[in-house]
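The following exercises are meant for study alongside a sequence and its 3D structure. Each task is followed by a solution worked in steps.

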Amino acid sequence: KLYSIVDKDTCIACGACGMAAPELYNYDDEGLAYFLPDDNQGNTPIAEELELDAEDAYEGCPTGSIKLANSNFNGSIPEED
Ligand code: F3S
């Protein structure tokens, strides 16, 4: 399974992720993105048919704010490695 969360601290509200994956990423009042299925907790597995959209969003984000992983995030942003 694939999980996602958005690092809102680095998101610059560019809007690319919602274009790539409108069912997975939406924007708050400030235009900052969040993972839509569970309000950016990163605990809801991405539906299989949306995994490619998630990869597109991941690759298209100019600031690397879209996080993807094979385990759930529990609402916390992973440290960069
Ligand atoms: Fe923000 Fe990246 Fe989406 S900058 S709006 S998370 S594409």
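**Exercise 1. The ligand and its surroundings**

Which cavity is the space taken by the ligand? In this predicted model, state also which residues come nearest to the ligand and how the shell divides by class.

Solution.
Step 1. The ligand takes up the space of the largest cavity.
Step 2. The ligand has 14 residues around it, and those that come nearest are Cys11, Ile12, Gly15, Cys17 and Cys61.
Step 3. Sorted by class, the shell consists of 11 nonpolar and 3 polar residues, with no charged residues.

**Exercise 2. Serine 4**

Determine where serine 4 lies, whether it is buried or exposed, and which polar contacts its side chain makes.

Solution.
Step 1. Locate the residue: serine 4 belongs to strand S1.
Step 2. Classify its accessibility. The relative accessible area of serine 4 is 0%, and a residue is buried when this value is under 20%; serine 4 is therefore buried.
Step 3. Examine the side chain. The side chain of serine 4 forms a polar contact of 2.6 Å with the side chain of tyrosine 25. A polar atom of the serine 4 side chain also lies 2.9 Å from the backbone oxygen of lysine 67.
Step 4. Collect the contacts beyond four places in sequence: serine 4 is in contact with Tyr25, Phe35, Gly42, Ile46, Ile66, Lys67, Leu68 and Phe73.

**Exercise 3. Isoleucine 46**

Describe the position of isoleucine 46 and its relation in space to serine 4.

Solution.
Step 1. Isoleucine 46 is placed in the loop between strand S3 (33-35) and H2.
Step 2. Isoleucine 46 is buried, because its relative accessible area is 6%, and the limit for a buried residue is under 20%.
Step 3. Along the sequence, isoleucine 46 and serine 4 are 42 residues apart, while their C-alpha atoms are 7.5 Å apart in space.
Step 4. Leaving out residues up to four places away in sequence, isoleucine 46 touches Leu2, Tyr3, Ser4, Leu24, Phe35, Glu51, Ala54 and Leu68.

**Exercise 4. Positive phi values**

Compare the settings of alanine 13 and asparagine 74, considering phi, location and accessibility in turn.

Solution.
Step 1. Phi of alanine 13 is near 55 degrees, and phi of asparagine 74 is near 50 degrees. Each is a positive value in a residue other than glycine.
Step 2. Alanine 13 occupies the loop between strand S1 (3-6) and helix H1 (16-20), whereas asparagine 74 is in the segment after strand S4 (66-69).
Step 3. The relative accessible area of alanine 13 is 33%, so alanine 13 is partly exposed. Asparagine 74 has 58% relative accessibility and therefore counts as exposed, the limit being over 50%.

**Exercise 5. Pairs separated in sequence**

For glycine 64, glycine 60 and proline 22, give the location of each residue and the C-alpha distance to its partner.

Solution.
Step 1. Glycine 64 lies in the loop between helix H2 (51-60) and S4, and counts as partly exposed at 33% relative accessibility. Its C-alpha atom is separated by 8.1 Å from that of cysteine 11, although the two residues are 53 residues apart along the chain.
Step 2. Glycine 60 lies in helix H2 and is partly exposed, at 42% relative accessibility. The C-alpha atoms of glycine 60 and methionine 19 are separated by 9.8 Å, with the residues 41 residues apart along the chain.
Step 3. Proline 22 is found in the loop between H1 and strand S2 (25-27). Proline 22 and leucine 36 are 14 residues apart in sequence, with a C-alpha to C-alpha distance of 8.8 Å.
Step 4. With residues up to four places away in sequence not counted, proline 22 touches Cys17 and Leu36.

Key. Residues are numbered from 1 along each chain as its sequence is written. This is a predicted model: local features need pLDDT of at least 70, side-chain atom pairs count only at pLDDT 80 or more; totals for chains, interfaces and linings use all residues. Side-chain values use heavy atoms; hydrogens and water are left out. Helices (H or I, at least four residues) and strands (E, at least two) are DSSP runs, numbered from the N terminus. Buried means under 20% relative accessible area, exposed over 50%, partly exposed in between (1.4 Å probe, protein chains only). A residue is near a molecule or strand if one of its heavy atoms lies within 4 Å of it. On a 1 Å grid over the protein atoms alone, a cavity is a set of points where a 1.4 Å probe fits but cannot get out, and a pocket is an open set with protein on both sides within 12 Å along at least five of seven lines; lining residues have an atom within 4 Å of a point. A molecule sits in a cavity or pocket if more than half of its atoms lie within 2 Å of its grid points. Ala, Val, Leu, Ile, Met, Phe, Trp, Tyr, Cys and Pro count as nonpolar, Asp, Glu, Lys and Arg as charged, and the others, Gly among them, as polar. A polar contact is a pair of N or O atoms within 3.5 Å; within protein, one must be able to donate a hydrogen and the other to accept it, and residues adjacent in sequence count only if both atoms are side-chain atoms. Contact means heavy atoms within 4.5 Å.
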